[in-house]
Amino acid sequence: MRELLEQIEIWINNGQSVALATVIKTWGSSPRPVGAGMALTAEGGMAGSISGGCVEGAVIDASLEVLKSGKTARLHFGVADSEAWEIGLACGGEIEVFIRVFDRSQLEVWKSAFQTDQIFCSALLVSGPEKLLGKELILVEDGNTLGADFPIEQKQSIVEAARDVIAKGKSSSLTIEADNLGELFFNRVQMKPTLIIVGGVHIAVPLVNLAEIVGFEVIVIDPRRLFGTEERFPGVKQVLSEWPEKAFQKIQINQSTAIVMLTHDPKIDDPALKIALTSPAFYIGALGSKKTHKKRVDRLIAEGVESEKLNLVHAPIGLNLGGRLPEEIALAVIAEIVKVWNSAEN
């Protein structure tokens with residue numbers, strides 16, 4: 001959803017009506033996960049995807065009808081033998097898609113939710129009283145709510161269910177019985193992940209590029225003048241040319257943060273590692289061979305770091321792809337980070 005908002009805002013600012021299609025259920029091998037979205041306009045604009053191309057044509061037709069009527073639509077897709085390659089899912093899975101008009105008020109609610117920099121859960125009514133279909137309430141992790149103002153008993157039940165979804169860490173659909181409200185789709189949305197790179201070394205350059213491609217914001221820390229420059233890392237969120245102890249005071253580390261140490265220099269990597277190990281970061285990795293890491297562990301234990309904490313460090317860093325080039329090592333590192341991120345998310 002995050003990647004759709006910028007384009008949706010452009011369309012709305014240009015006076016165009018927008019339909020939003022959202023995957024609300026999946027069975028078996030589905031090409032896109034629950035929560036995937038596609039936005040469309042009557043003028044032919046399209047952004048996002050709900051199936052990777054398998055059923056987009058049918059969803060486009062239904063979305064155009066939604067824009068004409070102003071009513072919602074709910075579609076089910078699966079393999080249908082002779083129609084499998086036309087409007088079905090050749091992968092063998094099934095999906096349900098909910099389509100609604102997405103207006104400026106809903107856009108502003110989602111923008112506000114993302115601006116909190118917290119996990120949040122949207123609750124979208126996908127089955128129930130027609131006058132309420134498509135209404136959406138968002139619960140932010142800190143307890144604040146945004147969006148639709150449901151009656152108090154219904155709202156309380158929705159908030160309780162959304163809080164449970166946030167805690168469980170997985171999106172879901174369920175029926176809320178309060179005042180016969182109906183079925184709601186609860187979509188848990190993580191904060192945008194951040195990758196903190198300690199050490200602007202040669203591996204860091206392709207790692208930045210790969211991290212940004214897969215959706216991470218990147219921060220680079222390196223006190224060395226030639227390594228920690230914006231010219232070397234254009235476009236990243238921050239470049240902090242400071243020692244880790246000072247740099248980390250300017251950074252918020254949360255459950256969506258990955259931290260990698262790449263310098264091989266104990267004066268830089270060790271202080272950063274100590275800070276990382278006391279943080280809620282979902283991934284901590286350090287570059288170096290097994291021998292190098294053994295020395296690092298011995299050094300930090302001697303300085304009072306608990307050995308159990310050091311077991312959290314991914315070292316040697318990255319998946320074992322057998323590569324030696326900077327680009328290959330960077331690929332191995334981001335692959336492992338994405339693997340851990342997806343595991344933590346699900």
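## A tour from Leu195 outward

Start by selecting Leu195. Setting aside neighbours within four places in sequence, Leu195 is in contact with Leu207, Ala211, Phe216, Glu217, Val218, Ile219, Ala258, Val260 and Ile337. Keep those residues displayed. Remember that you are looking at a predicted model.

**The core around Leu195**

Which residues of the largest nonpolar core touch the most other members? Select Leu195, Ile197, Leu207, Val260, Leu262 and Ile337. The core holds 26 residues. Now colour the elements that give two or more residues to it: β11, α6, β12, β14 and α11 (326-345). Helix α11 supplies the largest share, five residues. In soluble globular proteins, nonpolar side chains tend to be buried together.

A second, separate core has 24 residues. Select some of its members, including Ile196, Ala272, Ala276 and Ile284.

**The open sheet**

Switch to a cartoon view. Find the five strands in the order β13-β12-β11-β14-β15. They form an open sheet, and the pairing is parallel. Which strands stand at the edges? Select β13 (238-240) and β15 (283-286). Each has a single partner strand, so one side of each is left without a neighbour in the sheet. Look at the twist too: neighbouring strands are turned by 15° against each other on average, direction ignored.

Zoom in on β14, residues 257-261. Four bridges join β14 to β15, and the two run parallel. Pick Ile259 in β14; its bridge partner in β15 is Ile284.

Next, select helix α6, residues 204-213. Helix α6 packs on the sheet and touches β11 (194-198), β12 (217-221) and β14. The direction of α6 makes about 175° with that of β11.

**Helix α9**

Move to residues 290-302, helix α9. Try the distance tool on its end C-alpha atoms: they are 18 Å apart. At 1.5 Å a residue, 13 residues should span 18 Å, so the two values agree.

Which residues of α9 are buried? Select His293, Arg296, Val297 and Leu300. Look down the axis of α9: its buried residues fall within an arc of 100°, so they line one face of the helix. They pack against α8 (266-277), β15 and α10 (307-310). On the face turned away from the buried side, find the exposed residues Lys291, Lys295 and Ala302. Just after α9, stop at Gly304, which takes a positive phi of about 100°.

**Helix α1**

Now go to residues 2-13, helix α1. Helix α1 has 12 residues and reaches 18 Å from its first C-alpha to its last, close to the 16 Å expected at 1.5 Å a residue.

Select Leu4, Leu5, Ile8, Trp11 and Ile12, the buried residues of α1. Seen down the axis of α1, they fall within an arc of 130°, so they line one face of the helix. What do they pack against? Add β1 (18-27), β2 (37-41), β3 (46-48) and α4 (104-115) to your selection. On the face turned away from the buried side, Glu3 and Glu6 are exposed. Just after α1 comes Gly15, with a positive phi of about 80°.

**The whole chain**

Zoom out. The protein chain has 11 helices and 15 strands. Of its 346 residues, 49% count as buried. Among contacts with a separation of 6 or more, 58% are between residues 24 or more positions apart.

Technical notes. Residues are numbered from 1 along each chain as its sequence is written. This is a predicted model: local features need pLDDT of at least 70, side-chain atom pairs count only at pLDDT 80 or more; totals for chains, interfaces and linings use all residues. Side-chain values use heavy atoms; hydrogens and water are left out. Two strands pair if DSSP finds at least two bridges between them. Axes are lines fitted to C-alpha atoms, for helices over the stretch in contact, and angles run from 0 to 180 degrees between N-to-C directions. Contact means heavy atoms within 4.5 Å. The expected span of a helix is 1.5 Å times one less than its number of residues. Buried means under 20% relative accessible area, exposed over 50%, partly exposed in between (1.4 Å probe, protein chains only). The arc is that of the directions from the helix axis to the C-beta atoms. A nonpolar core is a set of buried Ala, Val, Leu, Ile, Met, Phe, Trp, Tyr and Cys residues joined through side-chain atoms within 4.5 Å.
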